[in-house]
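Q: I'm meeting this structure for the first time and would love a close look at one small part of it. Could you start there and then show me what surrounds it?
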Amino acid sequence: MHMADALLSPVVGATMWTGSVAAIGYSSKKLKENIDNKTIPLMGVMGAFVFAAQMINFTIPGTGSSGHIGGGMILAVILGPYAAFLAMASILTVQALFFADGGLLALGCNIWNLGIYPCFLLYPLVYKPIAGEGKDARRIAVAAIISVVIALQLGAFSVVLETLLSGKSELPFGTFVMLMQPIHLAIGLVEGIITAGIINYVRNTRPEILKANSISRPLDTSISIKNVLVAFLILAVITGGALSWFASTHPDGLEWSIEKVTGKGELAEATQGVAPALKELQGKTAFLPDYGFKSSAGVDSQENEVAVWPGIEAGTSVAGIVGGIIVLMFTLFIGLGIRLFKKQ
Amino acid sequence: MSHHIVEFKNVSFCYPDGTKALRDISFRITHGESVGIIGANGAGKSTLLMHMNGYLMPTSGTVNIGDIYLTRQTRQEIRRKVGIVFQNPDDQLFMPTVYEDVAFGPLNLGMDENAVRERVEYALNLVSGLELQNKPPHHLSSGQKSAVAIAAVIAVEPDILAMDEPAANLDPKSRRLLINLLKTFEHSKIIASHDLDLIMDVCHRCIVIKEGAVVADGPVSEILTDKKLLEENNLELPLSLQRN
Amino acid sequence: MIFKHLSKRMLPDEIMTFDEKYYNIGFIDQLSYKDTFVHRLDPRAKLIATLLFLFTVISFSKYELTALLPFFLYPALLMTIGEIPFMFIFKKIVLVSPFAVFIGIFNPFLDSGQVSIFQGLTISAGWLSFFSIMIKFTLTVSTALLLIATTSFPNVCHSLRQWGLPSLFVSQLSFLYRYIFVLMEEAMRIIRARNMRSYGKRGKGIRIFVRIVGILFVRTVERAERIYFAMLSRGFQGDMPSLKRFHIKTGDVIFVVSVAVFLYVFRFYPATQILGRYVQGVFS
């Protein structure tokens, strides 16, 4: 479910990074305005708690396979949305670095997918209204399950969108959605049950923890539904703007992507000098999904009978392979050389 | 030098749930004294220590540290005077590297970076831990962690050093090193511990607490040899005395 | 069966036990405190170089294969000069690969446009894009892992602070790093107790999991209180102080500039093809 670097295009990666960093900045600012100093170590240690808890696996009933928790909703319940989001962002950062879960460029996506939804959308809009004061175990359970399921569905759907907008995968939208959503529905249900279980366990054994935290957390109320909706609206406008801007810089995006497949590209122009190179970069980083055009491209290439490697004739590709092998050998040679040299 | 005194006068403390943790505690510790505080589990030792730097405020009675009475306003000032070393060094060493951890206190005092560096090096040197400065705490042994935790408190140059079970997680050799280290300090020392041999080695005076109240206060040589008193408090004679 | 392997978040658990994960993160953490030329570079220089590298790699078109190969030089150099064991990195890459494989493997079947490599050998374009994803995946994952294997996490935090990320977030990261190891040990003790009493069966169900995590949770909150107490007694008033400003050295600048030049050259000039043509020329 973690998005991976290799599936991303630079534009999508950078956009999601911008969004996530902005959310980190905003949360820090909001938190700083109204922080109980006690929250600072609590956030850090709760982050470590979720991190450790994610490493403990459990058996998903009926499947025999095992899963682990995501933790965003638990954090939101304990710490409130801003602190929970910062904790979640740092957990994902550490995972990206130490476990290579996702990757550094995909980190922006992952913070968004797994942090923003539970903390800023579902906690204030779904969990709080259903759970109310948190006095009733059943209401807490229902609230936790529903909000975790929806958060995970949104997260999974975002992975689909981010992958498709990056244009590295050929999966058609519908198939991709059908692959991702049901399985995350199952995971979400289990995680929701667990989240509810943990909250209720704490409520039974140490009720003052939940109470103390909701008292020292006047922030909850300050997240109004209006603000959240406005933020998402702004985001939608920005995304839409970025989309249309890219569409306008690539008015020929459609033909361009067909050309790539059918081999009518002009390599000669693209390999000389900096300016064409930049143009090429721009072309190659275009994120317009071309999965939709595959079928027409397929028809096209049948007409052409022998389509070639996108934009490259057969002769060049042989040279590419030979050169590539030489470069790899060279890399190996350097690596081994340094190792030998160091041992002496 | 009255600014090193610790004086509790009729201090009582009640937790919000109604538990009476301290009952009418009074004692006075003067400059340079080293005092052991002993008692069964739950007798109130840790609660007592928490009053020494204002983490808890007495429900009634007064706490006087170096001629300053503990109030919400004077808490910060008092925290500079009393350095507390906690039982579990993992809770005490909260910064990602040893150097940053020891520097935490001096930086909070608003010292500039060069002065901070001097303090940190001085404090780490004192516990022979200078070479650990760039390590993260989780790469240290228990003995090293304890030493660094002490250095972190010393770096603030407190007048009074208070410790909660300083040798709880140490192997015998580290424990011996710690005892030798503590003996070299000229600070007023207050050590809460079950480790009566350590108290015998380091302290001159001993206060026994039972159910939140002082039941005995006197020289170590008297209290730690009083088998009856100790057994009434779920304690027993120091091992070094049991052999005789 | 495919469902068992569908989601990446389920998979590592089946491959690695908690202990293994714990030692795994511990090992990479130990590596990051080595003292080599790479470790001594300014963390900011390494972060910039890594980000440039990642962006360059994923900026290649989805069918690109050979032009990506020269980029292996960068992780290879970091690995050898930084004295990072190859097998360790390799295993970690394999471990996290399922998601990328899962998404990429559909390409060969869905993108069936034919591509001829030489005369007589044609494959579906989808295979090209699949292998392109896998090469990019290997490059990006290994480079990210090598960054943290050669840069201690506290140093990463310092760079982020110097770059102006909110200090609340950075201190949050530092706390997280500090207490991951403490809490993992605590969790390990609880799990061992569970395993000891469950005799290989049961003990992994949801109810027991909730209990374990619940216990861990309560202990964590109590720990947070003790930490807060320790912080207060050393003068904490709400700001996490920081020290240790790094100063960029000439070596760091040279490092970043050479990485940038390297990336630029191999991104915009088809070096492998030129080299290949030259070699072909020599032999024919």
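In which sense do strand 1 (residues 6–14) of chain B and strand 4 (residues 60–65) of chain B pair, and over how many bridges?

A: Happy to help! The two strands of chain B pair in the antiparallel sense, over five bridges. Here strands are DSSP runs of E with at least two residues, helices are runs of H or I with at least four, and both are numbered from the N terminus; two strands pair if DSSP finds at least two bridges between them. For one place along this pairing, look at Lys9(B), whose bridge partner in strand 4 of chain B is Thr62(B). Strands of a sheet pair through backbone hydrogen bonds, either parallel or antiparallel.

Now step back to the whole sheet. It is an open sheet of four strands in chain B, with the order 2-1-4-5 and antiparallel pairing. Its edges are strand 2 (20–29) and strand 5 (68–69) of chain B, each of which pairs on one side only.

A word on reading the model: it is predicted, so to speak of local features a pLDDT of at least 70 is needed, side-chain atom pairs count only at pLDDT 80 or more, and totals for chains, interfaces and linings use all residues. Residues are numbered from 1 along each chain as its sequence is written, chains are lettered from A and ligands numbered from 1 in the order in which they are written, and side-chain values use heavy atoms, with hydrogens and water left out.

For chain B, the mean pLDDT (the predictor's confidence in each residue, from 0 to 100) is 88, with 98% of the residues scoring at least 70. Within chain B, strand 3 (residues 34–38) has the highest confidence, at 93, while helix 11 (residues 239–242) has the lowest, at a mean of 78.

Chain B also meets chain C. Their contact (heavy atoms within 4.5 Å) takes 33 residues from chain B and 33 residues from chain C. About 3100 Å² is buried between them, and carbon and sulfur atoms give 60% of that area; buried area is the accessible area (1.4 Å probe) that two parts lose on being put together, summed over both. Four salt bridges are counted between these chains, a salt bridge being a side-chain nitrogen of Lys or Arg within 4 Å of a carboxyl oxygen of Asp or Glu. Asp91(B) and Arg223(C) form a salt bridge, with the closest N and O atoms 2.6 Å apart.

On the chain C side of this contact, helix 3 (18–31), helix 11 (153–162), helix 12 (167–198) and helix 13 each supply at least two residues. Helix 13 of chain C gives the largest share, 10 residues.

Chain C touches chain A too, through 123 residues of chain C and 121 residues of chain A. The area buried there is about 11200 Å², 75% of it from carbon and sulfur atoms. One salt bridge is counted between chain C and chain A: Lys38(A) joins Glu225(C), with the closest N and O atoms 3.7 Å apart. Helix 13 (residues 206–233) of chain C again gives the largest share, here 20 residues of the side that touches chain A.

One caution concerns chain C, where pLDDT stays under 50 over residues 1–15. Where pLDDT is low, the predicted coordinates should not be read in detail. For chain C as a whole the mean pLDDT is 82, and 89% of its residues reach 70 or more. For the complex, the predictor gives an ipTM of 0.85 and a pTM of 0.80.
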